Amino acid sequence: MNTKLETVLAAIDAANAQDPNLDDGTPSELLYGQRMSAEQERLFPQASDVLRIACRGQHIERWTLPRSAYPEGRPGYLQWRQEQGRRHADRVAGLMQDAGYSDDDIAQARKLLTKQGLKRDPEVQALEDVICFTFIRWYLGDFAPTQPDHKLPRIIEKTARKMSPEARARALAEFDIPEAFAPFFADDSAQRRIDAAVIVSHGQPGDPGPQQQAIEDLAARVAAHLPGVTVRGATLAMPGALAAAATSNSIIYPMFMAEGWFTGIELPRRLTEAGAPGAHITRPFGADPGLEALIVARAHKAAAEQGWRPDETTLLLTAHGSQRSQASYTITTALAERLQPYFARVVTGFVEQEPFIADAARGLTHAISLPFFALRAEHVLEDLPQALDEAGFDGPRLDPIGLDPEAPRMIAESIRAEMARETG
């Protein structure tokens with residue numbers, strides 16, 4: 001081993017030795033780094049210095065930024081993961097610079113630790129293979145019993161999907177993978193043959209027919225923008241609809257407004273019950289990357305019809321909210337902050353938590369009401385108009401954003417991108 005490499009690895013170990021969390025009496029991240037290096041030596045014995053360093057430094061000082069520092073739910077988790085990657089890359093880059101590594105080597109280490117080029121850059125993919133092997137060998141056994149039965153297949157499937165075909169084949173040979181999970185590690189072309197996209201909504205349990213028809217109609221409009229792709233619609237309220245529409249090779253697009261219990265727990269459970277445990281769930285409609293532009297375009301058009309400029313228009317963004325979960329509040333307020341530069345003001349109001357819609361809408365002028373809902377259901381038909389009437393709101397009242405004429409095109413673009421990632 002050369003002196004520069006020894007210096008950096010020793011510095012990473014010294015940093016991780018400060019971890020107050022212990023695993024078998026050893027600082028957790030110190031042990032994790034050593035296990036990563038051991039797997040790297042087995043899988044890639046001819047690895048470059050950069051790959052060796054990235055494997056050892058993958059979790060450098062990870063405990064200094066706890067998950068609890070970010071909001072609950074998937075958006076908060078993704079923000080935390082992104083920031084961790086940046087911090088790890090910065091810390092390792094500093095140690096490599098101190099040891100005399102070139103700018104090119106340091107840039108490549110940053111690329112590895114921030115996962116740029118996964119599936120394209122061989123070294124980035126090699127690091128991911130080492131991460132997955134380390135997880136399966138050392139952590140899956142303790143992790144699996146902490147997960148609900150319906151979530152574990154999805155965790156295993158996502159782990160396998162990150163790996164190269166060679167690593168998946170080696171995992172099948174080296175690990176005692178249960179028969180139910182073995183297909184996730186099969187040949188890539190067979191594993192990710194997407195058979196359909198399925199748009200899923202809650203539906204109306206008391207009268208499931210109309211909402212089931214509405215989601216099927218939406219699926220047909222989305223399909224018009226996806227030639228050659230089968231697109232189906234299903235509500236959770238219609239008996240048998242999900243089982244008839246989805247398989248483990250389906251892309252699931254949740255027509256929900258927030259990422260939380262329903263998308264993370266209930267929908268995976270329902271898919272498992274429906275015989276589709278491996279179906280891939282995208283981010284929901286309310287977190288779709290194209291939604292911000294869709295809202296701006298719709299509200300600006302409504303303002304122009306009133307003769308109002310955007311900089312004198314208030315957008316009233318109304319949503320469900322909940323006394324039990326902050327998912328709806330979090331995603332709506334975060335969206336409102338991103339929309340603020342496009343309007344004079346963006347105000348939020350909720351059906352089931354403060355600030356309530358009637359309070360938020362009271363006294364607004366040059367204001368447009370836009371319901372942050374996927375479909376036209378009871379809250380939009382009853383609670384929202386009652387609250388606006390109570391507030392004396394006299395501005396335009398738009399349809400739910402999920403009914404916007406451009407929404408099917410946006411959904412189709414997200415499904416197309418997700419299919420490309422899954423099959424590429």
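**The second largest pocket and a salt bridge**

Colleague: What volume does the second largest pocket have?

Modeller: The second largest pocket has a volume of about 1,100 Å³, taken as the space filled by probe spheres set on joined grid points. A pocket here is an open set of points on a 1 Å grid where a 1.4 Å probe fits, with protein on both sides within 12 Å along at least five of seven lines. This is a predicted model, where local features need pLDDT of at least 70 and side-chain atom pairs pLDDT 80 or more, while totals for chains, interfaces and linings use all residues. Residues are numbered from 1 along each chain, and side-chain values use heavy atoms, without hydrogens or water.

Colleague: Which residues are closest to its centre?

Modeller: Of the 34 lining residues (an atom within 4 Å of a point), His202, Met257, Phe262, His320 and His379 are closest to the centre of the second largest pocket.

Colleague: And which helix gives the most to that lining?

Modeller: Helix 14 does, with four residues, and helix 12 (261–273), helix 14 (327–339) and helix 16 (378–391) each supply at least two; a helix is a DSSP run of H or I with at least four residues.

Colleague: Changing topic, how many salt bridges are there?

Modeller: The whole structure has 26 salt bridges, each a Lys or Arg side-chain nitrogen within 4 Å of an Asp or Glu carboxyl oxygen. One of them joins Asp13 to Arg56, whose closest N and O atoms are 2.7 Å apart.

Colleague: What does that pair tie together?

Modeller: Asp13 sits in helix 1 (residues 3–16) and Arg56 in helix 3, so the pair ties together parts that are 43 residues apart in sequence.
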